[in-house]
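Reader: I should like to study this protein together with its ligand. May we look at the structure, and then go through it step by step?

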Amino acid sequence: MNTLKNDTFLRALLRQPTDYTPIWLMRQAGRYLPEYCQTRRRAGSFMDLCRNPHLACEVTLQPLARYDLDAAILFSDILTVPDAMGLGLYFAEGEGPKFERPLREEWAIRNLAAPDPGVELRYVLDAVAEIRRALNGSVPLIGFSGSPFTLACYMIEGGASDDFRTIKTMLYDRPDLLHHVLDVNTKAVTAYLNAQIEAGAQAVMIFDTWGGVLSRRAYGEFSLAYMRRIVAGLKREHDGARIPRIVFTKGGGQWLEEIAAIGCDAVGLDWTADIGAARERVGGKVALQGNLDPSILFAQPEKIAQEAHAILDAFGPGSGHVFNLGHGISQFTPPEHVTALVDAVHTHSRKQRQA
Ligand code: CP3
């Protein structure tokens, strides 16, 4: 059993009492930090940075050196999994992620296989172990993966998409093919997350960035059902500690009850949801993570504090809330504004506990 100096984040996920509301930020290590940009330049490219456990560890720790955050998140990307399946991930400058060999043909789909995380994704597991050593019990480390559906979006579209035309055509015309891709992705993600847990990840999060573009029925069948299978297949405990699992479907606010019922410990909320109403709907079952609009970080520190207080007040007293943004932090965020947010969340939530 590893003792942590600050386990507030893990306690909040399990809805155990805490002295204050913990906070971390999606994409907390990223381009808004000048030190990140410097390390990335040294690495050569984003993927070189991900593939170098030593540099991945360095950037994971950068936001923790600046801010009083309550968790670290592994520095990597969700698309390392399809890359390990042989699709050839690359980042075209200014265009986001792309695949050299998008998954379109039936023969390629039939040949798709889950990678062995201990081999093809060894560099991620090595980064997890190195980060755990460097954290030295200060705060917990979060591991993560994309959801099977969100990974399939990039694999089949070949990159970002406005309308998801290719994958939605397959969904309606050849559901058997899409189900096959999702089945392989589910096996891959389950093995990958379990390997991260064995390497030292103390909580895991599934990013379902694109589940929210589906109809309610399609979401249940093509995204949620597979995340339920993953959660059921994850190691519940490691090293004597429970491993909480967070599920985040961007745009999933309408389906909270269904998401909360898949066996996860916490549900991530984007900024369109009212967190107080969300707590009433599912708070007896899961913790909630979120949900400040990332754009609020462009405003002045007083406004940032005011908006953070409003979210804490809407959630109300008691545990079961991990403060976060409703999506990843923008590269245009002034770094000092994050200090204001972290302070506001810690100070106001301590006062709430004393009231
Ligand atoms: O939160 C963290 O600090 C951990 C690291 C992390 C990254 N990506 C680093 C990254 C995590 C958890 C992700 C998840 C991820 N990656 C998601 C799901 C969450 C979400 O944001 O919706 C998705 C969809 C991706 C795919 C991806 N990777 C995209 C769309 C991009 C381009 C983004 C952009 O703004 O250009 C990436 C690249 C990426 N992943 C960056 C970072 C810090 C920026 C890369 C750079 O340095 O140029």
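**The pocket and its ligand**

Reader: Which helices and strands each supply at least two residues of the lining of the largest pocket?
Author: The model is predicted, with local features needing pLDDT of at least 70, side-chain atom pairs pLDDT 80 or more, and totals for chains, interfaces and linings using all residues. Residues are numbered from 1 along each chain as its sequence is written, and side-chain values use heavy atoms, without hydrogens or water. A pocket is an open set of points on a 1 Å grid over the protein atoms alone where a 1.4 Å probe fits, with protein on both sides within 12 Å along at least five of seven lines, and lining residues have an atom within 4 Å of a point; helices (H or I, at least four residues) and strands (E, at least two) are DSSP runs numbered from the N terminus. Those supplying at least two lining residues each are α2 (34-43), α3 (46-51), β2 (89-92) and β3 (96-99).

Reader: Which element gives the most to that lining?
Author: The lining comprises 41 residues, and R27, R31, D77, F91 and P97 lie nearest the centre of the pocket. With three residues, the element that gives the most is β2.

Reader: Where does the ligand sit?
Author: A molecule sits in a pocket if more than half of its atoms lie within 2 Å of the grid points. By that rule, the ligand sits in the largest pocket.

Reader: How many residues surround the ligand?
Author: A residue counts if one of its heavy atoms lies within 4 Å of the ligand. The closest are R27, R31, Y36, D77 and H327, and the residues that surround the ligand number 22.

Reader: What is the distance from an oxygen atom of the ligand to an N or O atom in the side chain of H327?
Author: A polar contact with the ligand is a pair of N or O atoms within 3.5 Å. For the side chain of R40 the distance to a ligand oxygen is 2.9 Å. For the side chain of H327 the distance is 2.6 Å.

Reader: What is phi of R27?
Author: R27 belongs to the loop between α1 (8-13) and α2. Phi is positive here, in a residue other than glycine, with a value near 65°.

Reader: Which residue does a cis peptide bond join to G290?
Author: Omega of this bond is about -5°. The partner of G290 is placed in strand β10 (residues 287-292), and its name is N291.

Definitions and conventions
Polar contact = N/O pair within 3.5 Å; in protein donor to acceptor, adjacent residues only side chain to side chain.
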